[in-house]
Amino acid sequence: MRYRLAIVSCIAVGAAVSAPSMLTAQAQDHGQMGQTWPVIEPDLLSVIKARLDHARETGKLEEMNQQFAAKVKDRVMRPVPVSGMSRAEQTRSWEFDPAIVVENDIRDHQGNLIAARGQRVNPLATSGLSKKLVFVDGDNPAEIEWALRHGSDERAKIIFVDGSPFESMKTHQRRFYFDQEGKLTSHFGIRHTPALVEAKGDVLLVTETALPRRQS
């Protein structure tokens, strides 16, 4: 047993003594192992410029510009349809309260308090809704006819959820709008067209109307 302990002790001492020399050996310069090259990364802007120059020389840049302009024009003329919308199969109505609770004090340019934090403010109580909001599928002639019966530009604002407002402007000689990204229909909870939003006292009345189907 003592013999084994002695061997272990010798190994431990030998390792401690040889450690510095091992570290020294690891730090030695072994010279160049082979041919090396510097790391070269092309400048990204230079690469982009070179590709643009090549596209310009070959005429592809002008073609790309024309394609991009055409896509933008098409998107303006016919925006992306509001997702989740469908034709109303039954008529239903509900009230929408537009009142909000003020999060922070609102003051005018002279510092006068207009609305205090926590105060409930209803915009209809002061300004009202000057125009009816009429939501329709612009590709459905029956819905457009229904919308036009709600009054002129001064009385009703016709808002498309699908179709081309610009094409309808030429046909009917009045302004049409589009519910971009469905922000208004989502705000009022409208999922079917045609739909009408109009003032009813201090609230808004929202109605989805089922139109009779035409006999083919």
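Two strands count as paired if DSSP finds at least two bridges between them. The views below come from a predicted model.

**View 1. Six strands make one open sheet.** The 6 strands run in the order E2-E12-E11-E7-E8-E9. Their pairing is mixed. Strand E2 (92-96) and strand E9 (177-178) stand at the edges. Each has a single partner strand, so one side of each is left without a neighbour in the sheet. At one edge, E2 and E12 pair in the antiparallel sense over 5 bridges. At the other, E8 and E9 are parallel partners, joined over 2 bridges. In general, strands of a sheet pair through backbone hydrogen bonds, parallel or antiparallel.

**View 2. Strand E12 is buried along its length.** Strand E12 covers residues 203-208, and 6 of its 6 residues are buried. Val203, Leu205 and Thr207 point one way. Leu204, Val206 and Glu208 point the other way. The partner strands are E2 and E11. With E2, Trp94 has Val206 of E12 as its bridge partner. With E11, the pairing is antiparallel over 6 bridges. Glu198 stands opposite Leu205 of E12.

**View 3. A hairpin joins E11 and E12.** The hairpin has 2 residues between its strands. Gly201 takes a positive phi there, near 70°.

**View 4. The parallel edge pair, E8 and E9.** Which residue of E9 is the bridge partner of Ile159? The partner is Tyr177. E8 and E9 share 2 bridges in the parallel sense. E9 is one of the strands at the edges of the sheet.

**View 5. Helix H4 packs against strands and a helix.** Helix H4 spans residues 141-148. Its buried residues are Ala142, Glu143, Ile144, Trp146 and Ala147. What do they pack against? The list includes strands E1 (86-87), E7 (132-137) and E8 (156-162). It also includes helix H5 (165-172) and strands E10 (192-193) and E11 (195-200). Asn140 caps the N-terminal end of H4. A side-chain oxygen of Asn140 lies 3.0 Å from the backbone nitrogen of Ala142.

**View 6. A salt bridge from Asp139 to Arg78.** The closest N and O atoms of this pair are 3.1 Å apart. The pair links distant parts of the chain, 61 residues apart. Asp139 sits in the loop between E7 and H4. Arg78 sits in the loop between helix H3 (60-77) and E1. Asp139 counts as partly exposed because its relative accessibility is 41%, and buried would need under 20%. Arg78 is also partly exposed, at 34%.

**View 7. A salt bridge from Lys200 to Glu95.** Their closest N and O atoms are 3.4 Å apart. Lys200 is in strand E11 and Glu95 in strand E2, 105 residues apart. Lys200 has a relative accessible area of 46%, so it is partly exposed. The count for the model comes to 10 salt bridges.

**View 8. Surface features around helix H2.** Leu44, Leu45, Ile48 and Leu52 form a nonpolar patch on the surface. Together they have about 410 Å² of accessible area. Leu52 belongs to helix H2 (residues 44-58). It counts as partly exposed because its relative accessibility is 41%. In a further view, Lys49, Asp53 and Arg56 are linked in a network of salt bridges.

**View 9. Backbone exceptions in three loops.** Most residues other than glycine have a negative phi, and most peptide bonds are trans. The peptide bond from Thr193 to Pro194 is cis, with omega near 0°. Pro194 lies in the loop between E10 and E11. Gln173 has a positive phi near 55°, and is not a glycine. Gln173 lies in the loop between H5 and E9. Is Gln173 buried or exposed? It is exposed, with a relative accessible area of 65%.

**View 10. Glu181 pairs a positive phi with a salt bridge.** Phi of Glu181 is positive, at about 60°, although Glu181 is not a glycine. Its place is the loop between E9 and helix H6 (183-188). Glu181 forms a salt bridge with Lys183. The closest N and O atoms are 3.3 Å apart. Both residues are exposed. For Glu181 the relative accessible area is 70%.

Key: Residues numbered from 1 in each chain as written. Predicted model: local features only at pLDDT ≥ 70, side-chain atom pairs only at ≥ 80, totals over all residues. Heavy atoms only, no water. Buried < 20%, exposed > 50% of the residue type's maximum accessible area, 1.4 Å probe, protein only. Helix = DSSP H or I, 4+ residues; strand = E, 2+ residues; numbered from the N terminus. Contact = heavy atoms within 4.5 Å. Polar contact = N/O pair within 3.5 Å; in protein donor to acceptor, adjacent residues only side chain to side chain. Patch = residues over 30% accessible without salt bridge, like charges linked within 9 Å, V, L, I, M, F, W, Y side chains within 5 Å. Areas by Shrake-Rupley, 256 points an atom, 1.4 Å probe, with all protein chains shown as cover. Salt bridge = Lys/Arg side-chain N within 4 Å of Asp/Glu carboxyl O.
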